[in-house]
Amino acid sequence: MDEPSHFITICSDSLGDTAEAVVQAVLHQFENQRVTIKRYGNVRHEDELRKLLEEAAKHNGFVAYTLVQPELRETIREEAVRLDLRIVDIMGPMMQAFIDTFNDEPRQRPGLLHQLDENYFRRIEAIEFTVASDDGRDLGAMLKADIVLLGMSRTSKTPLGIFLAHRGKKVVNYPIVPEISPPGQLFKLPPQRMIGLTMEPEHMLKIRSERLKVLGLPVGSQYASLERIKEEIQYAEALFERLGCPVIDITDKAIEETAGIIMGYI
């Protein structure tokens, strides 16, 4: 297998998901890039940090880091010079702006974001709820959900739901199919709690065709025909109009972008 063209190392004295979220958001702005991401979390010792930086330097990439302990921040700067390695401080500029503007000092304790507080347990509960309600498995859960996602097959309902769940929202997603009447629960919900997802037919055709290839199924099936896709979209949009819910065209939108729009609605 060919060596990936780009290599990014993520380093954190906590979990590293903050840095990875920033890296992933940036990657969405670049097309056709092969990128390998190596993530190191809970880095607490200077020797451990030096070792992973030496490994990162072999790949001619860069390191994105979230380190709050002063000794680790100093070490990574020194090692970057020694190894001629580019590093990106994800949290440093924001912390310095806070210090300069509000005349305050950081607590310098890694992992504060992930302490087992009320918000943490709310996120866990939301994730469990969303997974259990995926793909319309629990229609009764619609009445308990913060958000109900509605859309045809391959409109990213499941990953979008999980993304929102990580932000503490209980999500139900329900697949819209012309041959199946919508459940009565939908018509009992306030319109602002439902989100309709749609997509340009040609874009949907490409996604479904690729999906069939991955599954080893014939590409020429009705599922991946332009006529069928247009029929589904027309049916779904008519339903959205009946429900009076907001509708988002997710064509070429990243999950994060769509989630941001939804959070704005609710």
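Buried residues account for 35% of the chain, which has 266 residues. The model is predicted. Its secondary structure consists of nine helices and eight strands. The points below go from the whole chain to single residues.

**Overall build**

- The C-alpha trace spans about 65 × 45 × 30 Å along its principal axes.
- Many contacts link distant parts of the sequence: of those between residues at least 6 apart, 75% join residues at least 24 apart.

**Surface and charge**

- About 15,500 Å² of the chain is exposed.
- Carbon and sulfur atoms supply 51% of that area.
- The chain carries 32 positive and 41 negative charges.
- The mean positions of these two sets of charges are 4 Å apart.

**Rings and the charges over them**

- One aromatic pair turns up in a search of the whole structure.
- Lys38 places its charged end over the ring of Tyr40. The distance to the ring centre is 5.5 Å.
- Lys170 lies over the face of Phe129. Here the distance to the ring centre is 5.7 Å.

**Gly184, a loop residue**

- Where is Gly184 placed? Gly184 belongs to the loop that runs between strand 6 (171-175) and strand 7 (194-198).
- Gly184 has a relative accessible area of 44%. That value lies between the cut-offs of 20% for buried and 50% for exposed, so Gly184 is partly exposed.
- Gly184 and Asn60 are 124 residues apart along the chain. Their C-alpha atoms are separated by 57 Å.

**His203, a helix residue**

- His203 is part of helix 7, which covers residues 201-215.
- Why does His203 count as partly exposed? The relative accessibility of His203 is 22%. Buried means under 20% and exposed means over 50%, so His203 counts as partly exposed.
- Which residues does His203 contact, leaving aside neighbours within four places in sequence? They are Thr251 and Asp252.
- His203 and Asp134 are 69 residues apart along the chain. The gap between their C-alpha atoms is 24 Å.

**To recap**

- Gly184 sits in a loop, whereas His203 sits in a helix.
- Gly184 is partly exposed at 44%, and His203 is partly exposed at 22%.
- Two lysines sit over rings: Lys38 over Tyr40, and Lys170 over Phe129.

Methods: Residues numbered from 1 in each chain as written. Predicted model: local features only at pLDDT ≥ 70, side-chain atom pairs only at ≥ 80, totals over all residues. Heavy atoms only, no water. Helix = DSSP H or I, 4+ residues; strand = E, 2+ residues; numbered from the N terminus. Buried < 20%, exposed > 50% of the residue type's maximum accessible area, 1.4 Å probe, protein only. Contact = heavy atoms within 4.5 Å. Areas by Shrake-Rupley, 256 points an atom, 1.4 Å probe, with all protein chains shown as cover. Lys, Arg positive; Asp, Glu negative; His and termini not counted. Charge placed at Lys NZ, Arg CZ, Asp CG, Glu CD. Phe/Tyr/Trp six-rings, centres within 6.5 Å; stacked < 30°, edge-to-face > 60°. Lys NZ or Arg CZ within 6 Å of the ring centre and 35° of its normal.
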